[in-house]
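Subject: Structure handover

Hello,

The structure is pasted below, followed by notes on what was found in it. Please read the notes with the model open.

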Amino acid sequence: MFTDKTITCKDCGAEFVFTANEQEFFAEKGFTNEPQRCQSCRKARKANSRGGNNSRGNASPRPMFDAICAECGKACKVPFEPRDGRPVYCRDCF
Ligand SMILES: [Zn+2]
Ligand SMILES: [Zn+2]
């Protein structure tokens, strides 16, 4: 009931085949729109949107604050803002 169909990619203009199998899959999922982009452009878009959504994730390091170790007096960095009256220790002394 489905036949292979050639579609021109919206992004790169390359022709790609929307196969009968894929059309069947789309129909099963209830998708009514045909794919607009070839597989490589779809992959590229997916990769881009994934990067955008997770920009707050592991990619960006936590802010580090300069501090002076209360034990050895060395300058160090801590992942929280040092407050007056609270001793801060460097990685070695902690
Ligand atoms: Zn393309
Ligand atoms: Zn120290």
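Buried is used here for under 20% relative accessible area, exposed for over 50%, and partly exposed for what lies in between (1.4 Å probe, protein chains only). This is a predicted model, in which local features need pLDDT of at least 70 and side-chain atom pairs count only at pLDDT 80 or more, while totals for chains, interfaces and linings use all residues. Residues are numbered from 1 along each chain as its sequence is written, chains are lettered from A and ligands numbered from 1 in the order in which they are written, and side-chain values use heavy atoms, with hydrogens and water left out.

Aromatic rings

Rings of Phe, Tyr and Trp (its six-membered ring) are paired if their centres lie within 6.5 Å; planes under 30 degrees apart are called stacked, over 60 edge-to-face, and the rest tilted. By this rule there are two aromatic pairs. Phe 18 and Phe 26 make an edge-to-face pair, at 5.1 Å centre to centre and 75° between the planes. Phe 26 also pairs edge-to-face with Phe 31, at 5.3 Å and 75°. Ring pairs thus join Phe 18, Phe 26 and Phe 31 into a cluster. Phe 18 and Phe 26 are both buried, Phe 26 with a relative accessibility of 17%. Phe 31 is partly exposed because its relative accessible area is 47%.

Zinc site

Donors are N, O and S atoms within 2.8 Å of the metal (3.2 Å for Na, K and Ca); water is not among the atoms, so sites may look incomplete. For the zinc ion (ligand 2), the protein donors are the SG atoms of Cys 69, Cys 72, Cys 90 and Cys 93, at 2.3 to 2.4 Å. Four donors count as tetrahedral if all angles lie between 85 and 135 degrees. The site of the zinc ion (ligand 2) is tetrahedral, with angles of 103 to 113° among its four donor atoms. The spacing of the donor residues in sequence is C-x2-C-x17-C-x2-C. Cys 69 sits in the loop between strands E3 (65-68) and E4 (75-78), and Cys 90 in the segment after E4, so this pair ties together parts 21 residues apart in sequence. Strands (E, at least two residues) are DSSP runs, numbered from the N terminus. Cys 69 is buried at 3% relative accessibility, as is Cys 90 at 4%, whereas Cys 93 is partly exposed at 29%.

Other cysteines

With a disulfide taken as a pair of cysteine sulfur atoms within 2.5 Å, the structure holds zero disulfides. Cys 12 is partly exposed, with a relative accessible area of 46%.

Regards

Notes:
Four donors count as tetrahedral if all angles lie between 85 and 135 degrees; four count as square planar and six as octahedral if opposite donors are over 155 degrees apart and all others between 65 and 115; anything else is irregular. Helices (H or I, at least four residues) and strands (E, at least two) are DSSP runs, numbered from the N terminus.
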